[in-house]
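Visitor: I'd like to learn how to read a fold like this one, feature by feature. Could you walk me through it?

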Amino acid sequence: ATVFEVIAAMQHLTARCVEPWVTGVVDVVITPTTPTGPPPIGWLFEDEAADPMSVLRRAYHHAGFTAPFNMFGLPAISLPLATRADGMPQGVQFVGAPRADWALLQLAGQVERAAPWHD
């Protein structure tokens with residue numbers, strides 16, 4: 001595939017993925033920020049010498065909920081809304097419509113006032 005074909009495919013995929021916001025089917029999508037808690041120090045690069053692609057696979061595994069929305073250019077924010085059993089914060093990601101950054105920040109403010117992290 002040429003670079004132009006790849007760009008066209010990416011634009012088509014992006015249009016399909018943002019359609020629920022554009023058509024008003026959804027206002028906000030809520031996901032965990034990460035599928036697991038914080039990885040151990042050095043975890044990302046543990047197998048780098050044996051398999052350089054392992055870094056990308058591990059990064060994708062850890063950022064699987066955030067990376068697609070970054071790729072599609074959608075505004076998103078992560079808020080620590082719970083505490084895991086190990087005492088670490090658990091983030092929840094809110095994803096808004098294209099160019100709806102201000103609405104997403106307003107929602108985040110409301111959520112933080114309703115469930116303050118410091119409490």
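Visitor: Let's start with strand pairing. Which residue in β3 does Thr83 stand opposite?

Guide: Keep in mind that this is a predicted model. To read a pairing, you look for who faces whom across the two strands. Here Thr83 has Pro89 of β3 opposite.

Visitor: And how many bridges do β2 and β3 share?

Guide: There are 7 bridges between β3 and strand β2, which covers residues 76-83, and the sense is antiparallel. The two strands make a hairpin, with 5 residues separating them. Check the turn too: Gly87 sits there with a positive phi of about 90°.

Visitor: Which strand pairs with β3 over 4 bridges?

Guide: That's β1, residues 29-32, and this pairing is antiparallel as well. For a concrete pair of residues, take Thr31, whose bridge partner in β3 is Gln93. So β3 pairs with β1 and also with β2.

Visitor: Why is β3 described as largely enclosed by the rest of the structure?

Guide: For that you go by burial, where the cut-off is under 20% relative accessible area. Of the 7 residues in β3 (residues 89-95), 5 are buried, so the strand is largely enclosed by the rest of the structure. Over the whole chain, buried residues come to 24% of the 119.

Visitor: What about a charged residue such as Arg58: buried or exposed?

Guide: Apply that cut-off again. Arg58 has a relative accessible area of 16%, so it is buried. You'll find Arg58 in helix α2, residues 53-62. To see what surrounds a residue, skip its neighbours within four places in sequence; for Arg58 that leaves contacts with Trp43, Leu44, Glu46 and Asp47.

Visitor: Zooming out, in what order do the elements run?

Guide: Starting at the N terminus, read α-β-α-α-β-β-α. That makes 4 helices and 3 strands. The radius of gyration is 17 Å, well over the 14 Å from the globule rule for 119 residues, so the chain is more spread out than a compact globule. Along the principal axes, the C-alpha atoms fill a box of roughly 50 × 40 × 20 Å.

Visitor: What share of the contacts with a separation of 6 or more joins residues 24 or more positions apart?

Guide: Such pairs account for 59% of those contacts.

Visitor: And the surface and charges?

Guide: The chain exposes about 8,100 Å², with 64% of that supplied by carbon and sulfur atoms. For charge, count the side chains and then compare the centres of the two sets: 6 are positive and 11 negative, and the centres lie 3 Å apart.

Key:
Residues numbered from 1 in each chain as written. Predicted model: local features only at pLDDT ≥ 70, side-chain atom pairs only at ≥ 80, totals over all residues. Heavy atoms only, no water. Rg over C-alpha atoms; globule rule 2.2 N^0.38 Å. Buried < 20%, exposed > 50% of the residue type's maximum accessible area, 1.4 Å probe, protein only. Contact = heavy atoms within 4.5 Å. Areas by Shrake-Rupley, 256 points an atom, 1.4 Å probe, with all protein chains shown as cover. Lys, Arg positive; Asp, Glu negative; His and termini not counted. Charge placed at Lys NZ, Arg CZ, Asp CG, Glu CD. Pairing = 2+ DSSP bridges.
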